[in-house]
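Q: I would like a close look at a single part of this structure, taken slowly and with the residues named where possible.

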Amino acid sequence: CINMNPFNHQPLTIDQLDNDCLCFLSNKMKPVKSSRLFMGYIHDVNSKLLSDFFNVPDDFYRQVILRQDLLCRYLDGGRATIFFKNGMPSDYIDRSVDLSQFSDYSEAYHRLVYDITMLNCNAIDLILVPEDSVRVFYVSGGFAGNEIFVSLLANVYPDMEIYTTEIENCSALGAALVIRDLFDRNDSPEINLELRRWEAFKKN
């Protein structure tokens, strides 16, 4: 998961470098401050841990239906985590968690995604500038289809507009948009990003 803020042009700090931040360059040679989290892999290996414990198929998480009651309970606890509370293991699998505390796979999976999302929110915060004008988040890629993850973003950042798109080849589309001005706009097709806005369901 790579978080990018093209509006943060401040030099990287030691703290940001120590927490896996870096800068890309835009096509206009402007820095794009970014943070990273090995989120997809962390999700996959730990959801496999859950499926083994609860004796369900490895892709059972695809059948989990979002439960707002669980997320509201977790949100009341802030960013404290159950998974990875002792740090990230070298193999990214947290075997220290007592999975018997969860009533079923769905509850455990909600908690796993909650904790991973909080880790990513910490990474997002590293590249945000206090009192800046950023008010919109765009989410693309695999986690754009994870309703638990996106709902949590909307609740952690209630003052932001959170949009997802599940179109494929977003990077290629972005490159095409950059060079679009070189061509006759009358001949270019209308672009539909298939954006969906997500609202916070928990009142602060």
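In what order do the three strands of the open sheet lie, and is the pairing parallel, antiparallel or mixed? Please also describe what surrounds these strands.

A: This is a predicted model, and the description below should be read with that in mind. The open sheet is formed by three strands in the order β4-β5-β6, and the pairing within the sheet is mixed. Its edge strands are β4, covering 136-139, and β6, covering 196-198, each of which pairs on one side only. From one strand to the next, the twist averages 30 degrees.

The two pairings can be taken in turn. In general, the strands of a sheet pair through backbone hydrogen bonds, in either a parallel or an antiparallel manner. Here β4 pairs with β5, which spans residues 161-164, in the parallel sense and over four bridges, and Tyr138 stands opposite Tyr163 in β5. On the other side, β5 and β6 run antiparallel and are joined by three bridges, with Ile162 standing opposite Trp198 in β6.

A helix accompanies the sheet: α5, made of residues 147-156, lies across β4, β5 and β6, and runs at about 60 degrees to β6. Together with the parallel strands, this helix belongs to a recognisable unit, since β4, α5 and β5 make a right-handed β-α-β unit.

For the helices that come earlier in the chain, a separate packing can be described. Helix α3, residues 68-76, packs with helix α4, residues 105-127, at an angle of about 45 degrees, and their axes are 10 Å apart. An angle that is neither under 35 degrees nor from 65 to 115 nor over 145 counts as oblique, and α3 and α4 are therefore oblique to each other. The crossing in which α3 passes α4 is right-handed. On the α3 side the contact involves Leu70, Leu71, Arg73, Tyr74 and Leu75, which meet Glu107, His110, Arg111 and Tyr114 in α4. Sorted by class, this contact of α3 with α4 has five nonpolar residues, one polar residue and three charged residues.

Notes. Residues numbered from 1 in each chain as written. Predicted model: local features only at pLDDT ≥ 70, side-chain atom pairs only at ≥ 80, totals over all residues. Heavy atoms only, no water. Axes fitted to C-alpha atoms, helices over the stretch in contact; angles between N-to-C directions. Helix = DSSP H or I, 4+ residues; strand = E, 2+ residues; numbered from the N terminus. Left-handed = near helix turned anticlockwise from the far one by under 90°. Contact = heavy atoms within 4.5 Å. Nonpolar A, V, L, I, M, F, W, Y, C, P; charged D, E, K, R; others polar. Pairing = 2+ DSSP bridges. Right-handed = clockwise from strand over helix to strand, strands pointing away.
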